[in-house]
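Work through the exercises below with the sequence and the 3D structure open. Each task is followed by a solution in steps.

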Amino acid sequence: MIVFQNATYKCDPSISCGCSSLSTIVTSRIVGGEAASNNAWGWIISLQESGEHTCGASLLTSEYAVTAAHCVENSISNISTLSILVGTNDLNNTSIRTIQRRSIINVTMHPDYDKLNILNDIAIIKFSPLIISSNSKLAFICLPKQDEDPFKINSNLVAIGWGYTSQFIDVVSNILRQVTVQVFSSTSFDCQRTGILNSSTQFCAGTITGGKDTCQGDSGGPLMAFVDKRWILAGISSSAKSCLPNAL
């Protein structure tokens, strides 16, 4: 059950995806924001290079996850440096019993990924099967059905990640953080100033008043919508206007 902005969202545990076991409150922002409750987001992954967190990712099955293409494009030629860490909110606490680590064995980038214009910024990563059980505290994020629209204007989305928590300190957060944002119209001034080029594959999220943002290290992590008693993957954090308090 997840509570934020005076609304209660209770997921259906009988559904095979989009439901974690614990409750949390989402009221703040990732940059300077609040810590997520332990095991509240069972599909979140720390994508790591040489053992250091670089990006987020979302668990789709026990062997596959989705992330941003720009998170892995420079490591495909040396894939042995890439790994994932799951089962924890705290990247510094290696004694947590639910932690699992896997080496990445394959990366499939979107065939039309455009690095220059940040288009089709998505990749699928494969790893050896994770142990999925009630004790593992892992869950899978749902993908939207063909007839579902998680991108309704002004609808709430939740972003999570271990990215920078300040525009002044270039250090990732050791603790998973969370933020609630809203979807903006692609024709709005706030969205247009981000420079998006294709509204069919890109969208903007933030707040009218500013103060809520993702930052470096949050890339690849999920933007989630609550639909029909489950959390679905509405998008992937790809880029931010900046990490400033008034950023979109």
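The model is predicted.

**Exercise 1. An aromatic pair**

Task: State whether Trp41 and Trp231 are buried or exposed, and classify the geometry of their rings.

Solution.

Step 1. Both Trp41 and Trp231 are buried.

Step 2. By the ring-centre rule, the structure holds 3 aromatic pairs. In the pair of Trp41 and Trp231, the ring centres are 5.4 Å apart. Centres within 6.5 Å qualify as a pair.

Step 3. The ring planes of Trp41 and Trp231 meet at 75°, so this pair is edge-to-face. The cut-off for that class is over 60 degrees.

Step 4. Now locate the partners in the chain. Trp41 sits in the loop between strand S4 (34-35) and strand S5 (44-49), while Trp231 belongs to strand S17; the two are 190 residues apart, and the pair links distant parts of the chain.

Step 5. Trp41 and Trp231 belong to one aromatic cluster, together with Trp43 and Phe226.

**Exercise 2. The strands around S16**

Task: Find which strands pair with S16, and explain why S16 counts as largely enclosed.

Solution.

Step 1. Strand S16 covers residues 222-227. Of its 6 residues, 5 are buried, so S16 is largely enclosed by the rest of the structure. A residue is buried when its relative accessible area is under 20%.

Step 2. One partner is strand S11 (residues 156-161), which is joined to S16 by 2 bridges in the antiparallel sense. Here Ala159 stands opposite Leu223 of S16.

Step 3. Another partner is strand S17 (residues 230-236), which runs antiparallel to S16 and is joined to it by 6 bridges. In this pairing, Phe226 is opposite Trp231 of S17. Phe226 and Trp231 are also both members of the aromatic cluster from Exercise 1.

Step 4. Look at the connection between S16 and S17. The two strands form a hairpin with 2 residues between them. Asp228, in the turn, has a positive phi of about 50°.

**Exercise 3. The salt bridge**

Task: Identify the partner of Arg230 in a salt bridge and say where each residue lies.

Solution.

Step 1. The count of salt bridges comes to 1. Arg230 pairs with Glu148, and their closest N and O atoms are 2.8 Å apart. The limit for such a contact is 4 Å.

Step 2. Arg230 is in strand S17 and Glu148 is in the loop between S10 and S11, so the salt bridge ties together parts 82 residues apart in sequence.

Step 3. Arg230 and Glu148 are both buried.

**Exercise 4. Three disulfides**

Task: List the disulfides and give the handedness of each.

Solution.

Step 1. A search of the whole structure gives 3 disulfides. A disulfide is a covalent bond between the sulfur atoms of two cysteines.

Step 2. Cys11 is bonded to Cys19, with the sulfur atoms 1.9 Å apart. The angle about the S-S bond is 55°, and the link is right-handed. Cys11 has a relative accessible area of 12% and is buried; Cys19, at 17%, counts as buried as well.

Step 3. Cys17 is bonded to Cys142, again with a sulfur separation of 1.9 Å. The torsion about this S-S bond of Cys17 and Cys142 is about 100°, so the disulfide is right-handed. Cys17 lies in the loop between strand S2 (7-9) and strand S3 (24-25), and Cys142 in the loop between strand S10 (123-127) and S11, so the bond ties together parts 125 residues apart in sequence. Both Cys17 and Cys142 are buried.

Step 4. Cys55 is joined to Cys71, with an S to S distance of 2.1 Å. The torsion for Cys55 and Cys71 is about -85°, so this disulfide is left-handed. Cys55 is in strand S6 and Cys71 is in the loop between S7 and strand S8 (82-86), 16 residues apart. Relative accessibility is 6% for Cys55 and 10% for Cys71, so each counts as buried.

**Exercise 5. The barrel**

Task: Give the order in which the strands close into a barrel, then examine the pairing of S6 with S7.

Solution.

Step 1. The barrel has 6 strands in the order S5-S6-S7-S10-S9-S8, with antiparallel pairing. From one strand to the next, the twist averages 45°.

Step 2. Within the barrel, S6 (residues 52-59) and S7 (residues 64-67) run antiparallel and are joined by 2 bridges. Ser58 stands opposite Val66 in S7.

Conventions:
Residues numbered from 1 in each chain as written. Predicted model: local features only at pLDDT ≥ 70, side-chain atom pairs only at ≥ 80, totals over all residues. Heavy atoms only, no water. Pairing = 2+ DSSP bridges. Helix = DSSP H or I, 4+ residues; strand = E, 2+ residues; numbered from the N terminus. Axes fitted to C-alpha atoms, helices over the stretch in contact; angles between N-to-C directions. Buried < 20%, exposed > 50% of the residue type's maximum accessible area, 1.4 Å probe, protein only. Phe/Tyr/Trp six-rings, centres within 6.5 Å; stacked < 30°, edge-to-face > 60°. Disulfide = S-S within 2.5 Å. Salt bridge = Lys/Arg side-chain N within 4 Å of Asp/Glu carboxyl O.
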